[in-house]
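Visitor: Could you take me through one helix in this model, beginning at its start? I'd like to go slowly and see what is around it.

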Amino acid sequence: MGKKVLLINDIAGYGKVALSAMIPVLTTLGHDIYNLPTAIVSNTLDYGLFRIQDTTSYMKDTIAVWKNLGFRFDAVATGLLANGEQADLLIDFCTEQSKSGVKIFVDPIMADNGSLYNGMTDKTVAAFRRLLKVADFAVPNYTEAMLLTGREYHEEVTREELKEIIGDLRKLGAGSAVITSLRIDGLDMVGGYDADTGSYFTIPFDKVPVFFPGTGDIFLSVLMGFIMKGRSFPEATGIAMRLVREMVLRNRDNRDKFKGIMIEKCLDILMSEEPEGYQAAFF
């Protein structure tokens with residue numbers, strides 16, 4: 001049976017990213033979706049020119065309405081934040097939700113390839129550091145993990161360094177954590193820590209040499225979608241990696257890649273009852 005999942009992220013007027021990507025993925029996986037926009041964005045930031053409308057007041061009012069209506073969720077996922085006030089609002093909201101067993105997923109969307117995204121600042125980093133205190137699952141990419149932990153970005157890490165980075169994320173409050181876009185021993189990998197078993201793991205992958213915004217949103221959606229179906233954290237991570245790669249391959253010839261992945265090309269992949277994932281190696 002599907003779970004009630006609340007997605008807290010931005011929504012783009014043009015582009016299959018954030019809520020526009022997450023809602024169809026999780027709906028196809030059989031979950032009942034609620035959404036709370038943190039911002040309305042004219043288009044993906046990759047175009048260089050964009051308009052962002054802050055929705056903090058709307059978020060406050062909506063949370064109050066839902067509380068009065070008695071809405072309940074099984075999982076909450078947070079993505080892009082428009083300001084630090086939203087982080088503090090979500091800390092209070094997620095802390096309250098956690099008391100009833102709601103699983104909290106935090107994707108600190110702010111950077112990649114060694115630098116912050118357009119419009120992101122040191123205040124964004126500070127806001128996400130605070131938000132990690134409520135995260136049952138933290139899902140940063142490598143650049144974001146280094147910013148959150150105050151470490152110097154370099155191209156490769158060792159498995160011991162991965163343990164140290166994850167340790168610092170856990171000191172900030174995260175439970176389980178997975179870091180994407182890693183390079184370890186010359187290989188592209190995802191690395192994580194499963195708080196349920198106390199085990200570290202890595203999963204290698206073959207990178208597809210094409211860029212689409214929104215792949216992180218899809219990764220998070222598939223990851224949490226299968227965790228809510230009862231898969232373990234490492235299993236769900238491996239499934240998310242494989243399905244995202246398949247989606248990228250199906251979309252690699254799209255003319256406008258800044259628009260993101262066309263989910264409708266990939267619904268049959270998501271609807272598979274027992275999808276195979278990449279296997280984790282534990283250490």
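Guide: Sure, let's begin right at the start of helix α5, where a side-chain oxygen of Asn-141 reaches to within 3.1 Å of the backbone nitrogen of Thr-143. Keep in mind that this is a predicted model, so we are looking at computed positions.

Now for the helix itself. α5 covers residues 142–149, and it is mostly covered: 7 of its 8 residues are buried. Try picking them out in the structure. At the beginning you have Tyr-142, Thr-143 and Glu-144, followed by Ala-145 and Met-146, and then Leu-148 and Thr-149, and each of these is buried. Notice that Thr-143 turns up twice in our story: its backbone nitrogen is the one that Asn-141 reaches, and Thr-143 is also among the buried residues of α5.

It helps to recall a general point here: an α-helix has 3.6 residues a turn, so residues three or four places apart point the same way.

So what is doing the covering? Among the elements over the buried residues of α5 are two helices, α4 (122–131) and α6 (159–171). Strands join in too, including β6 (111–112), β7 (115–116) and β9 (176–184). Try colouring those pieces one at a time, and you'll see what surrounds the buried residues of α5.

Last, follow the chain out of the helix. Just after α5 comes Gly-150, which takes a positive phi of about 70°. That gives you a marker at each end: Asn-141 at the start of α5, and Gly-150 just after it.

Key: Residues numbered from 1 in each chain as written. Predicted model: local features only at pLDDT ≥ 70, side-chain atom pairs only at ≥ 80, totals over all residues. Heavy atoms only, no water. Buried < 20%, exposed > 50% of the residue type's maximum accessible area, 1.4 Å probe, protein only. Helix = DSSP H or I, 4+ residues; strand = E, 2+ residues; numbered from the N terminus. Contact = heavy atoms within 4.5 Å. Polar contact = N/O pair within 3.5 Å; in protein donor to acceptor, adjacent residues only side chain to side chain.
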